[in-house]
Amino acid sequence: MNSTVLVTGGTGYIGSHTAVELINEGYRVLIADNLSNSEPDVIDGIEKITGVRPGFEKLDLCDAPLLREYIDRNSDITAIVHFAASKSVGESVEKPLTYYRNNLVSLINILEEMQQRSLSNLVFSSSCTVYGQPDKLPVTESAPVKKASSPYGNTKKISEDIIEDCITANPSLKSVSLRYFNPIGAHPTAFIGELPSGVPDNLVPFITQTAAGLRSQLKVFGNDYNTPDGSCIRDYLHVTDLARAHVVAIKRLLENRNKKNYEVFNLGTGKGISVLEMIKTFEKVNSLKLNYTITGRRAGDTEQVWADTSLANRELGWKAESSLEEALVSAWKWEQYYRKNK
Ligand code: UD1
């Protein structure tokens, strides 16, 4: 009998891709999501890809009694992957309390439930934003955590601290925090992908919406950085690779192969790519031209960051396998599929 995994935020971008990979590996998947930033028909997409319909409940994790009642009803849950969180950097600057409440109260509620019923295994969705602009590149997990540049980033840092403190107090709890670099692309079937609400903040959805004619022009935020072509550098990884890493982390916890009760891993490709390289690659692999212009820097942007992934490679046996080209082809395929079918 396979384990049941609760995926919070499972109708979101990374959550839905992770649900697919978990189902493909034989796990029973339950999704809890308040649908504040995602659509219920993502469940159809997951079913179309896997042939299995995950359990779904519209649930706000900030509501402790409702969460308790939900977990009571689903007492076969053996592990939780916690994605559910607000994620817009700009919005978090305008509404810090909303972000602190939503992202931290939900985590605290989950941890309380886990403690109460000796539910031991938690995979947490963290971010490379905790490193700020690192002093050394590529950045390893032992690099100092810097002051967050936004309340959103701070919720990731505080969440990691909360989990670690709970594990110190309760050694039966085990957790892996996965620090994502920049996830991009969509499932190769194009049945699920990224669905930004309103004007996208992130580079790749802005690129695909510009290519689709929804945005008139892409702005490149700065070409005067201290990088080879002057534009910012990030580590962009295919979302399906990122999703696979969650399955590996869940397995590690369920099979008690973790070396410490709290572990942290960087998830990236290990390669830095500039904004201008992203544009050129997108144009080349999809045979089209993007309308773009260079503008000033975006406040709060880090100049360059990419991952040292050797710990994840060694300990998790995980490596990003898809190329940037594949990721950018899948992103464009998804944008077109979504426009046609929505
Ligand atoms: C941001 C957050 C990160 C979060 C991630 C995904 C920070 C420091 N980072 O990453 O925590 O996990 O979003 O939500 O807050 N760019 C343009 N034009 C655009 C959009 C972006 O030139 O229209 C550039 C940016 O300047 C940046 C790169 O593209 O250099 C990537 O930007 P983006 O996709 O927003 O991700 P990050 O800022 O790296």
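This is a short dialogue on reading some features of a predicted model.

User: Let's start with the sheet. What is the order of the strands in the open sheet, and is the pairing parallel or antiparallel?

Analyst: Here is the general idea: strands of a sheet pair through backbone hydrogen bonds, either parallel or antiparallel. In this predicted model, seven strands form an open sheet in the order 3-2-1-4-5-6-11, and the pairing is parallel.

User: Which strands stand at the edges?

Analyst: Strand 3 (55-58) and strand 11 (262-267) do; each has a single partner strand, so one side of each lacks a neighbour in the sheet. From one strand to the next, the twist averages 20 degrees.

User: Could we look at one pair? How many bridges link strand 2 and strand 3?

Analyst: Four bridges join strand 2 (residues 28-33) to strand 3, in the parallel sense. To find one of them on the model, look for L30, whose bridge partner in strand 3 is G55.

User: Which strands does helix 3 lie across?

Analyst: Helix 3 (residues 64-73) lies across strand 1 (4-8), strand 2, strand 3 and strand 4 (77-82). Relative to strand 2, helix 3 runs at about 165 degrees.

User: Now the helices. At what angle do helix 7 and helix 9 pack?

Analyst: The angle between helix 7 (residues 203-211) and helix 9 (residues 275-286) is about 40 degrees, and their axes are 11 Å apart. Angles from 65 to 115 degrees would count as roughly perpendicular and those under 35 as roughly parallel; helix 7 and helix 9 are therefore oblique to each other. Their crossing is right-handed.

User: Which residues of helix 7 and helix 9 meet?

Analyst: From helix 7 come L203, V204, I207, T208 and A211, and from helix 9 come V275, M278, I279 and F282. Sorted by class, this contact has eight nonpolar residues, one polar and no charged ones.

User: How does helix 7 cross helix 11, left-handed or right-handed?

Analyst: That crossing is right-handed. The axes of helix 7 and helix 11 (residues 324-341) come within 10 Å and cross at roughly 55 degrees, and the two helices are therefore oblique to each other. On the helix 7 side, V204, P205, T208, Q209 and A211 take part, and they meet L328, A331, W332, E335 and R339 of helix 11. The contact divides into six nonpolar, two polar and two charged residues.

User: And what is the angle between helix 9 and helix 11?

Analyst: Their axes cross at roughly 70 degrees and come within 9 Å. Helix 9 and helix 11 are therefore roughly perpendicular to each other, and the crossing is right-handed. M278, T281, F282, V285 and N286 of helix 9 touch L324, E325, L328, V329 and W332 of helix 11.

User: How many salt bridges does the structure hold?

Analyst: There are 24. One to look at joins the side chains of K251 and E25, at 2.8 Å from N to O. K251 belongs to helix 8 (residues 239-254) and E25 to the loop between helix 1 (13-24) and strand 2, so this pair ties together parts that are 226 residues apart in sequence.

User: Finally, what should I look for in the backbone?

Analyst: Exceptions to a general pattern: most residues other than glycine have a negative phi, and most peptide bonds are trans. Here, a cis peptide bond joins L137 and P138, with omega about -5 degrees. P138 sits in the loop between strand 5 (121-127) and helix 6 (151-169). S118 is not a glycine, yet has a positive phi of about 50 degrees. Look for S118 in the loop between helix 5 (96-116) and strand 5.

Notes. Residues numbered from 1 in each chain as written. Predicted model: local features only at pLDDT ≥ 70, side-chain atom pairs only at ≥ 80, totals over all residues. Heavy atoms only, no water. Axes fitted to C-alpha atoms, helices over the stretch in contact; angles between N-to-C directions. Parallel < 35°, antiparallel > 145°, perpendicular 65-115°, else oblique. Left-handed = near helix turned anticlockwise from the far one by under 90°. Contact = heavy atoms within 4.5 Å. Nonpolar A, V, L, I, M, F, W, Y, C, P; charged D, E, K, R; others polar. Pairing = 2+ DSSP bridges. Salt bridge = Lys/Arg side-chain N within 4 Å of Asp/Glu carboxyl O.
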